[in-house]
Protein chains: 2
Amino acid sequence: MAPQLEPFFKQVDQLSDSFIDRLRKAVAIPSISAQDENRKDVFRMAQFLTSELEALGAEVEQRPLGKQPGKEHLDLPPVVLARYGNDKNKRTILVYGHYDVQPALKEDGWASEPFELTIDSEGRMFGRGSTDDKGPVLGWINVIEAHKKAGVEFPVNLLCCFEGMEEYGSEGLEEFIKSESKAFFKDTDAVCISDNYWLGTEKPCLTYGLRGCNYYSVSVSGPAQDLHSGVFGGSAHEPMTDIVTVLSKLVDPQGNILIPGLMDLVEPLSEEEKSLYSGISYTMDNLHESLGSKTSIHPSKERTLMARWRYPSLSIHGIEGAFSAPGAKTVIPAKVIGKFSIRTVPNMQSEDVNKLVFDHIKSEFAKLNSKNTLDVCLQHDGKWWVASPRHWNFTAASKAVKQVFGVEPDMTREGGSIPITLTFEEATGKNVLLLPMGSSTDGAHSINEKLDKRNYLEGIKLLGAYLHYVAEEPAEA
Amino acid sequence: MAPQLEPFFKQVDQLSDSFIDRLRKAVAIPSISAQDENRKDVFRMAQFLTSELEALGAEVEQRPLGKQPGKEHLDLPPVVLARYGNDKNKRTILVYGHYDVQPALKEDGWASEPFELTIDSEGRMFGRGSTDDKGPVLGWINVIEAHKKAGVEFPVNLLCCFEGMEEYGSEGLEEFIKSESKAFFKDTDAVCISDNYWLGTEKPCLTYGLRGCNYYSVSVSGPAQDLHSGVFGGSAHEPMTDIVTVLSKLVDPQGNILIPGLMDLVEPLSEEEKSLYSGISYTMDNLHESLGSKTSIHPSKERTLMARWRYPSLSIHGIEGAFSAPGAKTVIPAKVIGKFSIRTVPNMQSEDVNKLVFDHIKSEFAKLNSKNTLDVCLQHDGKWWVASPRHWNFTAASKAVKQVFGVEPDMTREGGSIPITLTFEEATGKNVLLLPMGSSTDGAHSINEKLDKRNYLEGIKLLGAYLHYVAEEPAEA
């Protein structure tokens, strides 16, 4: 163990009750960003963080983001920016978290009051925001406090960026980060985000990749208005017939994408990458439990994880404009819009994907010899992100995990996107690490959200140890 | 001309203003069956018909149908039953119509007040219910009055069955007709229903067939709850992928039904039937006008009419359970339900159709090798109806058309269903004729519903002439 870590760890243990109390205070503030009536609580939460950080000697600013677009009677919550330490001889680490939470009502089915931290005999600390993302945000503050109280020198300059609109689309944050790239964030040497979860419940992980997403609309229109199927059935081309045929040419029931050339854009699987999957702590039972069914496509965990992390997937989400209610309606819809998206991975470039998608759909539609009109467009895209897990930012985090939990972390990716990750990478030009504190069963957006005491307290040690290792790690690694 | 018709026709011309005034009074009663607050008006309309018929010497009864299912605070409107004449030496003709109307509000886009009959310079009489179905219902009453005033003996015993819930599913009527088959309706020799429309605007038609409808649900379910496509895309079988593939195997974009064996159930086209289509007054321009587009499947009017009237069609109506709103949502729906229906024709029996549909869908789903679960069921069915257009009921009507309009009527079918037609046929065991008064541009359920003066006044002559010819026509024809 690095010599400074022992007194730090000991101090965390000694302060554990007060750290839990800090979390209790934070959970008690219902900082729900999606509900207008709670906006004042989101501001209260920003003030709570500001006070806690200032009390520990950090320089703190609340940066306004202006009015909320579309809801101009509301001010956006501020970004809480803090700097702790300003030593040119130390590395500067930028950490991100968010202090707003999802909505929660006892009557949704919570076993306890959602805004009262409630700890059961197994050490599960229930409360909205406990794991997403107040626990991790307070984790960084606790690390500062434990260093001060233990008299251990803080190993890095810490920059904190805590936002209050993450659960409502991070309104205004992307522009803010870009605009501060040469200002508040300019000294950043590496970025650490603690806002995701372990793959399971026992083993920590470091996350180095996220898939992107290209979302498409394909519309087919024919008659000028909806028709009665009794009167017109059989005499006119029906947009629904065309759209189901076109949609059926996109992906097969085994998940294979049928768009010619698309898989050629995917980075080939190297032997080295392939070897990463077998060691990962995950089972097919874990998948079946999440699905609530045994409708998995692949027989092995390795192939399943690759399908989620490193291969693209295509999902058909639904059809707008058709009859979608319960019951029976004998309508021929005049215009229908199919929605589907492709999860993208290295090295798929959005424009290349779009071209293949558009060409394929137009060519399949041409085969139908329908007089209807087809149109296809990209609704939105977000790029995939993959960091180098061999960067010193990751090796430092890996050592910290080994130190605190006694195991090598799983090196994971995620199938979904966390757009702010790429924003930080692009704005700072530095390596970004996702370092989760909570576990897969925490229920971030569900009822009975919780953070295990172990994950919180050992997580504080992990964040602190990470800062020590990141301070020492050679740059060339 | 049959000698009695001349004074009758003359009398109709003399009474034309009073007949239009009768329609004006009827349109002024907003007998909207779908709106609770208008139920009293539906009852008022029943009373209006009762008084008019009684004043002419008919025996009239208002038969209650009990409470409205699902809305027990409302009484169903009565069936107005009337008998005019009771001479065992005359034929007994049962006529059906309805006195309720669709909802209408000026602000929906009406050019005039919907419940004030407004006549323009071209003789178009605008008003809700003018053509659907108050004009035809009053037509029968006007026929009685003109005979009385002209001193012409009424040629048949007339039974009237006028209902007040047609625009709201004819609640309770089917049971009522069946229960009266051996009572009020027992002497019926033939049935005439005036509640549909000419195929175009110039030429009258007689309608001898309607398609049936089998409506199906096919559901595919997999995971226990909706999934996030980022997290799970590529690792689990997706119900939407399966359903679009299965739906794409039902019908091709040219309207060809792909269910093996289904077309074998269809009665072959005889040379005699084939010869009926070319003479029908209809053009591809008429179709394109109705569609509001040129997305017709067949190049000729003959093939188009066959597709609508004598061949089955399959329409896909929509998908329940998938994302159907505007915008973008990255959901993998857990359970989706495709809805489609088949318009049926002679000699397709519902059970045979169901078996072919179920077998085909199950076999197509089996080919997918999906671990999801498929279920398919019939939501409802209604049988097709075809009467013999050579029956004396039709030849009489044909002669009446020739007499009044100077042309042979088009012999038509319709693609949609009017379930009460089959109910009358089955309950009475007699031939049923659909004898429309209005034209294709009347806009029955739309804004600016109208009935042309010509269609109303010549229509009254048509109904009267029909009764004279039907009285004379030899039974063996």
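Here are some questions and answers about this predicted model.

Q: How many helices and strands does the secondary structure of chain A come to?
A: Let's start with the overall fold of chain A. Both kinds of element are present, and the tally for its secondary structure is 14 helices and 20 strands.

Q: Why is chain A as compact as a globular protein of its length?
A: The globule rule gives 23 Å for 477 residues. The radius of gyration of chain A is close to that figure, so the chain is as compact as a globular protein of that length. Along the principal axes, its C-alpha atoms fill a box of roughly 85 × 55 × 45 Å. The radius of gyration itself is 25 Å.

Q: What percentage of the contacts in chain A with a separation of 6 or more comes from residues 24 or more positions apart?
A: Burial is a good place to begin: 60% of the 477 residues in chain A are buried. Turning to contacts with a separation of 6 or more, the part that joins residues 24 or more positions apart is 80%.

Q: What share of the area exposed by chain A do carbon and sulfur atoms supply?
A: Chain A exposes about 17,800 Å². Of that area, carbon and sulfur atoms supply 49%.

Q: How far apart are the centres of the positive and negative side chains in chain A?
A: Chain A carries 50 positive side chains and 67 negative ones. The centres of these two sets are separated by 1 Å.

Q: Is A:Thr344 buried or exposed?
A: A:Thr344 sits in strand 15, which covers residues 335-344 of chain A. Beyond its neighbours up to four places away in sequence, A:Thr344 touches A:Arg211, A:Gly212, A:Cys213, A:Asn214, A:Gly382 and A:Trp384. Its relative accessibility is 3%, and the limit for burial is under 20%. A:Thr344 therefore counts as buried.

Q: What distance separates the C-alpha atoms of A:Thr344 and A:Tyr456?
A: Along the chain, A:Thr344 and A:Tyr456 are 112 residues apart. In space, their C-alpha atoms are separated by 33 Å.

Q: Which feature does UniProt place at residues 220-366 of chain A?
A: The end C-alpha atoms of this span lie 12 Å apart. Residues 220-366 are 37% helix and 16% strand. The UniProt record, an unreviewed entry, gives the feature as "domain: Peptidase M20 dimerisation".

Q: Why do the residues that UniProt lists for "binding site" not all gather at one spot?
A: The unreviewed UniProt entry lists A:Asp195, A:His228, A:Thr330, A:Arg343, A:Ser417 and A:His445. These residues span 251 residues in sequence. They do not all gather at one spot because the farthest two C-alpha atoms are apart by 51.4 Å.

Q: Which residues of chain B are in contact with A:Thr330?
A: A:Thr330 lies in the loop between strand 13 (313-320) and strand 14 (331-332) of chain A, and at 24% relative accessibility it counts as partly exposed. Leaving aside neighbours within four places in sequence, the contacts of A:Thr330 in chain A are A:Leu227, A:His228 and A:Ser229. Across in chain B, A:Thr330 meets B:Cys213, B:Tyr215, B:His317 and B:Arg343.

Q: Which residues are in contact with A:His445, leaving aside its neighbours within four places in sequence?
A: A:His445 is found in the loop between strand 19 (432-434) and strand 20 (450-452) of chain A. With a relative accessibility of 48%, A:His445 counts as partly exposed. Its contacts are A:Gln102, A:Arg128, A:Asp132 and A:Glu167.

Q: Which residue does a cis peptide bond join to B:Pro346?
A: Most peptide bonds are trans. In chain A, a cis peptide bond with omega about 0° joins A:Pro346 and A:Asn347, and A:Asn347 is in the loop between strand 15 and helix 11 (350-367). In chain B, omega is also about 0° at the cis bond, and the partner of B:Pro346 lies in the loop between strand 15 (335-344) and helix 11 (350-367). That partner is B:Asn347.

Q: Is B:Asn369 buried or exposed?
A: Most residues other than glycine have a negative phi. B:Asn369 has a positive phi near 50° and lies in the loop between helix 11 and strand 16 (373-382) of chain B. Its relative accessible area is 59%, and the bar for exposure is over 50%. B:Asn369 is therefore exposed.

Technical notes:
Residues are numbered from 1 along each chain as its sequence is written. Chains are lettered from A and ligands numbered from 1 in the order in which they are written. This is a predicted model: local features need pLDDT of at least 70, side-chain atom pairs count only at pLDDT 80 or more; totals for chains, interfaces and linings use all residues. Side-chain values use heavy atoms; hydrogens and water are left out. Helices (H or I, at least four residues) and strands (E, at least two) are DSSP runs, numbered from the N terminus. The radius of gyration is taken over C-alpha atoms; the globule rule is 2.2 Å times the number of residues to the power 0.38. Buried means under 20% relative accessible area, exposed over 50%, partly exposed in between (1.4 Å probe, protein chains only). Contact means heavy atoms within 4.5 Å. Accessible areas come from the Shrake-Rupley method with a 1.4 Å probe; for residues, only the protein chains shown count as cover. Lys and Arg count as positive and Asp and Glu as negative; His and the chain ends are not counted. The place of a charge is taken as NZ of Lys, CZ of Arg, CG of Asp or CD of Glu. UniProt positions are given in the numbering used here, feature names are shortened, and annotations may be inferred rather than shown by experiment.
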